[in-house]
2 protein chains.
Amino acid sequence: MSEKINVTWKDEMAFETEVNGFKIILDADEKVGGKNRGPRPKPLTLVSLAGCTAMDVISILKKMRVNPDYFNVEVSGELTEEHPRYYHTINLRYIFRGDDLPMDKLQKAVNLSQERYCGVTAMLQKAAKIVHEIVVEV
Amino acid sequence: MSEKINVTWKDEMAFETEVNGFKIILDADEKVGGKNRGPRPKPLTLVSLAGCTAMDVISILKKMRVNPDYFNVEVSGELTEEHPRYYHTINLRYIFRGDDLPMDKLQKAVNLSQERYCGVTAMLQKAAKIVHEIVVEV
């Protein structure tokens, strides 16, 4: 199976794309000739990763009948100093709030995503060290 | 340098995030319990790659005084059959239109991006075979 996307130049540093029918404008920072009309491309890699694993986890937890009140994945990427600058280390924090959140089930859901289901993790872990932690906030 | 992003659960399979101040909703397809209120996370990896290299190329060409009338990067990713499903092969087609587009300069700009500047290429090429071609349309 193949997926195809077009990223089309608008003007200056701005590009327009459409993903699953949703338009996204990409643009650079003013410092490098852009006009900040949309997000930078590189952090979308982090969004792709966090979104992929977040959807895995919430759907696995639903099957386990674990229903958090709040769920957030905080992803942070450490960039290399030298060009090409990429994320050499990525931290994923799975943050939950709710009344009945057994840690063993949260861990199982996260591990299933990180080890078996999340294709973006599978790609990026060949280039970056990906570490994760689970946080239950009271 | 570090970049941090939060991907926060809305409901069902929908998540909300903000990248450089721009809100993006992620959602799954109806077939897997989503409501298609935003793009899937995985193809954002392709957008990240194509946007990164597209911005490199247009800014290098500007320095070379090459000004295309039209520029589009078409990115297609071939997914593995087995879980975790990721892009094992990625094709980048750099498509240009315009009056004065010397192929040696186009190639130089694309090669500089692919070999030296594009951090997303640097990451993804550790997991996927990335191939590219340059097309000048008349």
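**Close-up views of a two-chain predicted model**

**View 1. Two copies and their axis.** A rotation of 180° with 0.0 Å of shift along its axis lays chain B over chain A, with an RMSD of 0.0 Å (a least-squares superposition on the C-alpha atoms of residues with pLDDT of at least 70 in both copies). The two copies are thus related as by a two-fold rotation axis. Which residue of chain B comes closest to the rotation axis? B:T45 does, with its C-alpha at 2.6 Å. This is a predicted model, in which local features need pLDDT of at least 70, side-chain atom pairs count only at pLDDT 80 or more, and totals for chains, interfaces and linings use all residues. Residues are numbered from 1 along each chain as its sequence is written, chains are lettered from A and ligands numbered from 1 in the order in which they are written, and side-chain values use heavy atoms, leaving out hydrogens and water.

**View 2. A closer look at A:T45.** Welcome to helix α1 of chain A, residues 43-63, where A:T45 sits (helices are DSSP runs of H or I with at least four residues, strands are runs of E with at least two, and both are numbered from the N terminus). A:T45 is buried, with a relative accessible area of 0% (buried means under 20%, using a 1.4 Å probe and protein chains only). Leaving aside residues up to four places away in sequence, A:T45 touches A:Y87, A:L124, B:S48, B:V120 and B:M123 (contact means heavy atoms within 4.5 Å).

**View 3. Where the chains meet.** Here 69 residues of chain B are in contact with 69 residues of chain A. Of the interface residues of chain B, 100% are also interface residues in chain A, so the copies meet through the same surface. Together the chains bury about 6300 Å², 67% of it on carbon and sulfur atoms (accessible area, with a 1.4 Å probe, that two parts lose on being put together, summed over both). B:E3, B:M55 and B:M123 supply 12% of the area that chain B buries against chain A, more than any other three residues.

**View 4. A salt bridge across the interface.** How many salt bridges are there between chain B and chain A? The count is 2 (a side-chain nitrogen of Lys or Arg within 4 Å of a carboxyl oxygen of Asp or Glu). The side chains of B:K4 and A:E74 meet in a salt bridge, at 3.8 Å from N to O. The largest share of the side of chain B that touches chain A, 13 residues, comes from α1(B).

Notes: Buried means under 20% relative accessible area, exposed over 50%, partly exposed in between (1.4 Å probe, protein chains only).
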